[in-house]
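Reader: I'm new to reading protein models. Could you walk me through this one, a bit at a time?

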Amino acid sequence: MRQIPARLLLCALLIGCKSKEQSGGGTGGGQGTIVVGEVGSMTGTEATFGVSSDRAIQLASSELNAAGGIRGKQIQIIALDDEGKPEEAATAATRLIASEHVIALLGEVASTRSLFMAPKAQANKVPMVSPSSTNPKVTQVGDYIFRACFIDPFQGYVMAKFVHDNLKLSKAAILKDVRNDYSVGLAQNFTESFVRMGGKVVANESYSNGDVDFKAQLTNIRNAHPEVLYVPGYYTDVGLIARQAREAGITAPMAGGDGWDSEKLYEIGGAALEGSYFSNHYSVDDPSPRITEFVARFKKAYGGQLPDSLAAQAYDAAGMLFDAMKRATELTGPAIRDALAQTKGYKGVTGDITMDQNRNASKPAVVLKVGKGGKYEFQGRIAPEDTATGAPEGSPKKTEGNTAPNPAPGNVPTPTPMPELGATSPAAAAANTGQPQGVPSGEHPKK
Ligand code: PHE
């Protein structure tokens, strides 16, 4: 576990004022400060997940502090890098709770790492909000664990529906990461929905996160002649798999989930990914005012960089936590927990957030296509329906309550293709080329 480099100064300052923080009692911070912990993969094979989330959390807290903080106190974020390792995520959570006396935790992004953190938060009555861990088990750890995103029974349904109804494909192969709860769960959720719709899974193969040679699995997949290859993994593996799939002679489009979202995806997979699709939490090209305003603020803070969905989700997770802290009867874990549980219609960038009784958010998902040069093309938005609670599906409701007038294509069950909205600006197009952009990792907006 490492404190991220740009945080060294902040870290030094915090160490310098730790005794003051400890004397702050109850609020997790010293006089005038409320300390919130953050755990993320700032380095490692999923580094963009942690860095993107961190930037958005810093932005949210700077904005809050500029507006006066909470009850006259400023928020201080202490972020720890878990290097993408589950055990490190658990250690980081423990350290933030025991040594830094944080009042709440933000993170992790990856479901497996959230599952390692959550028992520490629960046992210590420290509310934890995961921005974008989508595996249902995460919030099942206990009543102190929340998330700002939808869950995978819905996400799996969304891509099954898109593949079946919009792409009109009915033979899928699956290649999942067996060491990743998210990947295993999403593969299963996709399969259940796809088969229910009349689709068939013709090959089901596995790999382990960090593998670099997928030839054996891809040969089996090619021999099964799928029309689509569903790979619910993280971007580094997905990029490599895309290249090797094409080398193995598989021409079918690939499909996947939010774990694809990274500026690195296309850098790694290149043209092999073009014409593939993935489900996600938001589209940077969504013309709704909440999104365009957030995108503008994020770009301003980070040298023109566009926020990916990790950033949008983390911004909402932080905002949702701050909102609960303002409403809490007092600044203690149990009171913040109660306020979080009562979150209703919080106006997030990614949609209105209401906590259900399982501490999950019910929000629409978008489908993006990887276009030429790696640009993400917005295919449409699908609203949650009862699959979001894991129940058998009904028909999806129309999208509402999110953000704005959305040309809102693709509210299934229309069997017609979703209109392609595409990127609307040259900047948006440039941002999705997979080129590294913006400020160096770990830089934060000026306070
Ligand atoms: N949903 C993924 C998981 O639970 C994490 C993720 C979210 C990755 C958003 C990318 C974008 O593991």
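Author: Sure, let's start with what packs over one helix. Helices (H or I, at least four residues) and strands (E, at least two) are DSSP runs, numbered from the N terminus. Two residues are in contact if their C-beta atoms, placed from the backbone, lie within 7 Å. The cover over the buried residues of α8 includes α5 (111-123), α6 (137-140), α7 (152-166), β7 (171-177), β8 (200-207) and β9 (228-230).

Reader: Before we go on, what kind of model is this?

Author: Residues are numbered from 1 along each chain as its sequence is written. Local features need pLDDT of at least 70, side-chain atom pairs count only at pLDDT 80 or more, and totals for chains, interfaces and linings use all residues, since the model is predicted.

Reader: Which residues of α8 are buried?

Author: A residue is buried if 20 or more other C-beta atoms lie within 10 Å of its own, exposed if 12 or fewer, and partly exposed in between, with C-beta atoms placed from the backbone. In α8 the buried ones are Asp181, Tyr182, Ser183, Gly185, Leu186, Ala187, Asn189, Phe190, Thr191, Ser193 and Phe194.

Reader: How many Å does α8 reach from its first C-alpha to its last?

Author: α8 covers residues 181-196, so you've got 16 residues to work with. The expected span is 1.5 Å times one less than the number of residues. That gives an expected 22 Å for α8, and the helix comes close to it, reaching 23 Å.

Reader: What about β7: is it enclosed or open?

Author: β7 pairs with β8 in the parallel sense over seven bridges; strands pair if DSSP finds at least two bridges between them. One partnership to look for is Lys171 with Lys200 in β8. Because six of the seven residues of β7 are buried, the rest of the structure leaves this strand largely enclosed.

Reader: Which residues come nearest to the ligand?

Author: Being near here takes a C-beta atom, placed from the backbone, within 6 Å of the molecule. The ligand has 14 residues around it, and the nearest are Ser111, Ser132, Thr134, Tyr182 and Asp258.

Reader: Which domains does the shell around the ligand draw on?

Author: Domain bounds come from an automatic or database domain assignment. At least three shell residues come from each of two domains: domain 1 (33-150 + 287-363 + 406-430) and domain 2 (152-280).

Reader: Is Asn220 buried or exposed, or in between?

Author: Asn220 sits in helix α9 (residues 215-223). Beyond its neighbours within four places in sequence, Asn220 touches Ala203 and Glu205. Asn220 has 15 C-beta neighbours inside 10 Å, so its label is partly exposed.

Reader: Where is the cis peptide bond that leads to Glu108?

Author: Most residues other than glycine have a negative phi, and most peptide bonds are trans. Glu108 is placed in the loop between β4 (104-106) and α5. Omega is near -20° for the cis bond, which runs from Gly107 to Glu108.

Reader: His101 has a positive phi too; what is its value?

Author: Look in the loop between α4 (86-98) and β4 for His101. His101 is buried because 21 other C-beta atoms lie within 10 Å. Although His101 is not a glycine, its phi is positive, at about 55°.

Reader: And His225, is that one buried or exposed?

Author: His225 is in the loop between α9 and β9, and its phi is also positive, near 50°. With 12 C-beta neighbours inside 10 Å, His225 counts as exposed.
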